Amino acid sequence: MRYWGFLAAKLLLAAVILRVAWVLIRFTLWKPVVLGGVLRDPFLHDLPYTTAILGFWLLSAGLLWVAVVDQRYRCRTCLRRLRMPVTSGSWPNMFLIGRPRTEYICIYGHGTLKVPDEQIAGSARPAWERHDDIWRELEALEESHK
């Protein structure tokens, strides 16, 4: 629940930023255009206003993309960015070694995210694998080798 709440907070912050940008555009650049005795919106009739709307649209698409991509690479438990990317699999030996993918790990051992690098049959979803305590297993291995 915390994971989705963080995404909602990021989207709410983006909405506030976009609302401020929209108000600035409307108050600084919006001037009604009269064409043929009819009051019209200046979009497509006024170049600075139309350019500002294009910039607003690009800003909104960019903020949405950044929020979603940032959320994708966060731990589902502690919300920290996933680290230590490790590639596995092989492009030329896909059937022998396995499909190529990149694995990211939470530095606190909560889980790993496996992101496929190839898309043969459409976009494959990344797989999140939760771990109870990965560092306890690694410490046990270290103890056994001493």
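A residue counts as buried when its relative accessible area is under 20%, as exposed when that area is over 50%, and as partly exposed in between. The exercises below apply this to a predicted model.

**Exercise 1. Determine whether L79 is buried or exposed, and describe its backbone.**

Solution. Begin with the location: L79 sits in the loop between α2 (47-72) and β3 (83-88). Next, take its relative accessibility, which is 11%. The cut-off for buried is under 20%, so L79 counts as buried. Finally, consider the backbone: the phi angle of L79 is near 65°, a positive value in a residue other than glycine. As a general rule, most residues other than glycine have a negative phi.

**Exercise 2. Carry out the analysis for M84 and state its class of exposure.**

Solution. M84 belongs to strand β3. Its phi is near 55°, again a positive value in a residue other than glycine. The relative accessibility of M84 is 42%. The limits for the middle class are 20% and 50%, and therefore M84 counts as partly exposed.

**Exercise 3. Give the order of helices and strands along the chain.**

Solution. First count the elements: the chain holds three helices and six strands. Then read them along the sequence, which yields the pattern α-β-β-α-β-β-β-β-α.

**Exercise 4. Compare the radius of gyration of the chain with that of a compact globule of 146 residues.**

Solution. For a compact globule of 146 residues, a radius of gyration near 15 Å would be expected, but the chain has 24 Å. The spans of the C-alpha trace along its principal axes complete the description: they are about 85 × 35 × 20 Å. As for burial, 27% of the 146 residues count as buried. The exposed surface of the chain comes to about 10700 Å², with carbon and sulfur atoms supplying 65% of it.

**Exercise 5. Identify the residues of the largest nonpolar core and examine the contacts of L82.**

Solution. The largest nonpolar core has eight residues in all: Y73, C75, C78, L82, Y104, C106, L113 and V115. Now take L82 and set aside its neighbours within four places in sequence; its contacts are then Y73, R74, C75, Y104, I105, C106, L113 and W128. A second, separate core has seven residues, among them L18, Y49, A52 and F56.

**Exercise 6. Place D70 in the fold and find what it touches.**

Solution. D70 is part of helix α2. With a relative accessibility of 17%, below the 20% limit, D70 counts as buried. Leaving out residues up to four places away in sequence, D70 touches F6, K10 and R81. A distance in space can then be set beside a distance in sequence: D70 and V38 are 32 residues apart in sequence, and their C-alpha atoms are 46 Å apart.

**Exercise 7. Locate A8 and state how far its C-alpha atom is from that of A67.**

Solution. A8 lies in helix α1 (residues 2-29). Its relative accessible area of 45% makes A8 partly exposed. A8 and A67 are 59 residues apart along the chain, while their C-alpha atoms are separated by 9.5 Å.

**Exercise 8. State how many charged side chains of each sign the chain has.**

Solution. The chain has 19 positive and 13 negative side chains. The centres of these two sets lie 10 Å apart.

Key
Residues numbered from 1 in each chain as written. Predicted model: local features only at pLDDT ≥ 70, side-chain atom pairs only at ≥ 80, totals over all residues. Heavy atoms only, no water. Helix = DSSP H or I, 4+ residues; strand = E, 2+ residues; numbered from the N terminus. Rg over C-alpha atoms; globule rule 2.2 N^0.38 Å. Buried < 20%, exposed > 50% of the residue type's maximum accessible area, 1.4 Å probe, protein only. Areas by Shrake-Rupley, 256 points an atom, 1.4 Å probe, with all protein chains shown as cover. Lys, Arg positive; Asp, Glu negative; His and termini not counted. Charge placed at Lys NZ, Arg CZ, Asp CG, Glu CD. Core = buried A, V, L, I, M, F, W, Y, C linked by side-chain atoms within 4.5 Å. Contact = heavy atoms within 4.5 Å.
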